[in-house]
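Here are a few notes to read alongside the model. I hope they help you find your way around.

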Amino acid sequence: MYVYPITVEFEDIDSYGIIHHPKILYYFERARVHFFLDNNVDITNLTFGIVLRNINIQFKRQLYFLDKINIELTAKNIDKYRFDLHYNVKKDNLTANIAVIEMVSIDLATKKLAPIPDEFRKILSTIEN
């Protein structure tokens with residue numbers, strides 16, 4: 001599991017004082033990018049693309065301005081072309097959100113499915129659950 005800490009900022013909340021629902025997607029993206037950066041993946045110079053295919057989010061608890069949260073990231077169902085990233089957003093050790101995001105690997109030139117490179121698969125396996 002990879003854990004990425006985040007603080008809910010003023011720009012992230014809506015007029016009700018709770019996190020605006022699309023902001024959680026930004027948090028997921030930030031956790032994913034930092035997982036790869038922390039594993040020495042040069043995401044600015046990839047020879048393949050990783051794109052979102054499907055997303056499912058469940059909102060279980062509200063998050064408020066200045067809440068300290070942890071995004072827990074694991075990988076599942078890694079196959080030749082795709083993998084699932086599972087996100088568990090924790091506040092005070094309680095689950096606030098869970099999500100599954102299916103990602104696929106593509107050839108950057110053709111924009112068609114391409115096998116996940118072995119190096120990348122190995123990095124994903126470090127958080128496989």
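**Notes on the sheet, helix, pocket and rings**

1. A good place to start is the pairing of strand 4 (residues 82-91) with strand 5 (residues 94-106), which is antiparallel and runs over ten bridges. Within this pairing, Asn88 has Ile98 in strand 5 as its bridge partner. Please keep in mind that this is a predicted model.

2. Stepping back to the whole sheet, you will find five strands in the order 1-3-4-5-2, forming an open sheet with antiparallel pairing. Strand 1 (2-7) and strand 2 (49-59) each have a single partner strand, so these edge strands are left without a neighbour on one side. On average, neighbouring strands are turned by 25 degrees against each other, direction ignored.

3. Which strands does helix 1 lie across? Helix 1 (residues 23-38) lies across strand 1, strand 2, strand 3 (68-76), strand 4 and strand 5. Relative to strand 1, helix 1 runs at about 135 degrees.

4. Aromatic pairs are worth a look too: the count comes to seven. One of them joins Tyr2 and Phe35 edge-to-face, with 5.4 Å centre to centre and 65 degrees between the planes. This pair links distant parts of the chain, since Tyr2 sits in strand 1 and Phe35 in helix 1, 33 residues apart.

5. Finally, the largest pocket holds about 160 Å³ of space. Its lining consists of Val41, Asp42, Asn45, Leu46, Thr47, Phe48, Pro117, Glu119, Phe120 and Ile123. By character, the lining residues divide into six nonpolar, two polar and two charged.

Notes: Residues are numbered from 1 along each chain as its sequence is written. This is a predicted model: local features need pLDDT of at least 70, side-chain atom pairs count only at pLDDT 80 or more; totals for chains, interfaces and linings use all residues. Side-chain values use heavy atoms; hydrogens and water are left out. Two strands pair if DSSP finds at least two bridges between them. Helices (H or I, at least four residues) and strands (E, at least two) are DSSP runs, numbered from the N terminus. Axes are lines fitted to C-alpha atoms, for helices over the stretch in contact, and angles run from 0 to 180 degrees between N-to-C directions. Contact means heavy atoms within 4.5 Å. On a 1 Å grid over the protein atoms alone, a cavity is a set of points where a 1.4 Å probe fits but cannot get out, and a pocket is an open set with protein on both sides within 12 Å along at least five of seven lines; lining residues have an atom within 4 Å of a point. Grid points are joined across faces, edges and corners, and a volume is the space filled by probe spheres set on the points. Ala, Val, Leu, Ile, Met, Phe, Trp, Tyr, Cys and Pro count as nonpolar, Asp, Glu, Lys and Arg as charged, and the others, Gly among them, as polar. Rings of Phe, Tyr and Trp (its six-membered ring) pair if their centres lie within 6.5 Å; planes under 30 degrees apart count as stacked, over 60 as edge-to-face and the rest as tilted.
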